[in-house]
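Here is a short report on selected local features of one protein model. Strand pairing comes first, then a pocket, then salt bridges and backbone angles.

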Amino acid sequence: MIILIMLLALYIAFLQRQLRNINRQLDKRLTEHTRQPIRLELLSRELNALAININKCLKAEENLRLKGIQEEKNFKELIANISHDLRTPLTAIKGYQQLMKNGDLSADQLKKLHTAQKHADELGRLIEHFFEYSYLLNAEPELNIKRINLTNLVAECLAASVTTLEEHNLTVRLEETPTVFVLADKEMVTRIIQNLIRNCVQHSNGDIKVSLLATNKAILSFKNPMKNTSVIDINRLFDRFYTGDKARSNSTGLGLSIVRLLAEQMGGSTAAFLQDGFLEIRVELPL
């Protein structure tokens with residue numbers, strides 16, 4: 001009986017040792033990102049079968065990961081090609097529209113031409129979004145990090161957008177706060193602010209509130225009321241091609257994706273909040 005108990009204890013100790021070994025190898029794969037298969041020091045039919053199945057699962061997961069990377073690469077190339085291919089015919093359309101405008105047209109024909117030009121310009125802006133997004137995805141960012149007066153830059157961008165805001169009967173209230181400086185790329189920050197303004201123009205159901213705050217990072221906030229908050233999935237706002245309102249045909253759903261991409265390239269982050277009918281988009285940048 002004593003011998004049997006000792007043999008059973010040894011067998012249990014053997015199993016525990018093998019399980020610890022498997023756990024160590026799995027932990028190493030996670031922490032060191034290795035691709036080594038699971039190996040056992042001693043053979044056991046059950047543990048050997050377990051190790052084989054674990055290795056099969058790990059191999060299948062690795063194949064899915066590599067397939068996902070390749071599909072993502074193909075998708076980026078597709079976006080770049082589409083945006084480039086759409087530019088050429090649009091340029092031709094605008095050229096012929098300009099020729100028609102310079103011709104002898106009646107007042108009714110000029111009105112219709114103006115409408116066509118307006119839609120062509122909107123299409124051009126959408127294509128530029130595609131082009132910008134595909135460029136940012138595929139290009140290695142060359143950052144020109146400098147000390148920037150973020151408060152002044154926000155005010156300048158808002159002032160440049162006054163005409164567009166007035167066309168949509170929107171006003172902006174920029175909260176007065178101490179001047180905030182950031183270490184960032186001025187061109188990238190400008191594009192972030194412009195995209196946030198454009199997002200508000202497209203989706204705001206009232207006046208826009210803009211604020212700046214300096215904590216351990218600089219926080220830029222755009223807050224606006226929404227007519228129907230139930231159509232918004234707050235967790236998907238920064239996903240590419242996501243548009244909360246499917247009825248809107250003048251949005252690619254890339255604006256906030258570009259904001260997140262630019263912010264992360266400068267060491268920042270983005271967040272979205274929905275409360276009491278107001279949507280708030282925050283961008284954090286290094287002070």
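Val210 stands opposite Phe222 of β5. The model is a predicted one. Strand β4 covers residues 208-214, runs antiparallel to β5 and is joined to β5 by 6 bridges. The link between β4 and β5 is a hairpin through 3 residues.

β5 has a second partner to consider. Strand β7, residues 278-285, pairs with β5 over 8 bridges, again in the antiparallel sense. Here Leu220 stands opposite Val283 of β7.

How many residues of β5 are buried? The strand spans residues 218-225, and 7 of its 8 residues are buried. Asn224 lies in this strand. Its relative accessible area is 2%, so Asn224 counts as buried, the cut-off being under 20%. Which residues does Asn224 touch, leaving out those up to four places away in sequence? The contacts are Cys200, His203, Ser204, Asp207, Ile208, Gly277, Phe278 and Leu279. Ile208 belongs to β4, residues 208-214. Phe278 and Leu279 fall in β7, residues 278-285.

**The second largest pocket**

Now the pocket. Rolling a probe the size of a water molecule over the atoms shows where empty space is left. The second largest pocket holds about 290 Å³ of space. Two elements, α1 (2-32) and α2 (45-101), each give two or more residues to its lining. α2 gives the most, with 4 residues.

Which residues line this pocket? They are Leu26, Arg29, Leu30, His33, Thr34, Arg35, Leu58, Glu61, Glu62 and Arg65. By class, the lining divides into 5 charged, 3 nonpolar and 2 polar residues.

Arg35 is a lining residue in the loop between α1 and α2. Is Arg35 buried or exposed? It is exposed, at a relative accessible area of 57%. Beyond its neighbours within four places in sequence, Arg35 is in contact with Arg29, Glu62 and Arg65. Those three residues also line the pocket. Arg35 and Asn55 are 20 residues apart in sequence, and their C-alpha atoms lie 10.0 Å apart in space.

**Salt bridges**

The model's salt bridges number 5. Three of them are set out here, with the N to O distance and the relative accessible area of each partner.

| Salt bridge | N to O distance | Basic partner | Acidic partner |
|---|---|---|---|
| Arg65 and Glu62 | 2.8 Å | Arg65, 39%, partly exposed | Glu62, 14%, buried |
| Lys112 and Asp108 | 3.4 Å | Lys112, 55%, exposed | Asp108, 44%, partly exposed |
| Arg282 and Glu280 | 2.9 Å | Arg282, 32%, partly exposed | Glu280, 13%, buried |

Start with Arg65 and Glu62. Both line the second largest pocket, and their side chains meet in a salt bridge. Why are they separated by about one helical turn? Because they are 3 residues apart in helix α2. Both residues are also in contact with Arg35.

Lys112 and Asp108 have a similar helical setting. The two are 4 residues apart in helix α3, residues 107-138, so about one helical turn separates them. Lys112 is exposed at 55% relative accessibility. Asp108 is partly exposed at 44%.

Arg282 and Glu280 bring the text back to the strands. Both positions fall within β7, residues 278-285. The side chains of the pair meet at 2.9 Å, N to O. Glu280 is buried, with a relative accessible area of 13%. Arg282 is partly exposed, at 32%.

**Positive phi outside glycine**

Two backbone angles deserve a check. Asn169 is not a glycine, yet its phi is positive, at about 55°. Asn169 is in the loop between α5 (162-167) and β2 (172-174). It is exposed, with a relative accessible area of 67%.

Asp276 also has a positive phi, about 55°, and is not a glycine. Where is Asp276 found? It sits in the loop between β6 (269-275) and β7. At a relative accessible area of 70%, Asp276 is exposed.

Note on methods. Residues numbered from 1 in each chain as written. Predicted model: local features only at pLDDT ≥ 70, side-chain atom pairs only at ≥ 80, totals over all residues. Heavy atoms only, no water. 1 Å grid on protein atoms, 1.4 Å probe; cavity = no way out; pocket = protein on both sides within 12 Å on 5 of 7 lines; lining within 4 Å. Points joined across faces, edges and corners; volume = space filled by probe spheres on them. Nonpolar A, V, L, I, M, F, W, Y, C, P; charged D, E, K, R; others polar. Salt bridge = Lys/Arg side-chain N within 4 Å of Asp/Glu carboxyl O. Buried < 20%, exposed > 50% of the residue type's maximum accessible area, 1.4 Å probe, protein only. Pairing = 2+ DSSP bridges. Contact = heavy atoms within 4.5 Å.
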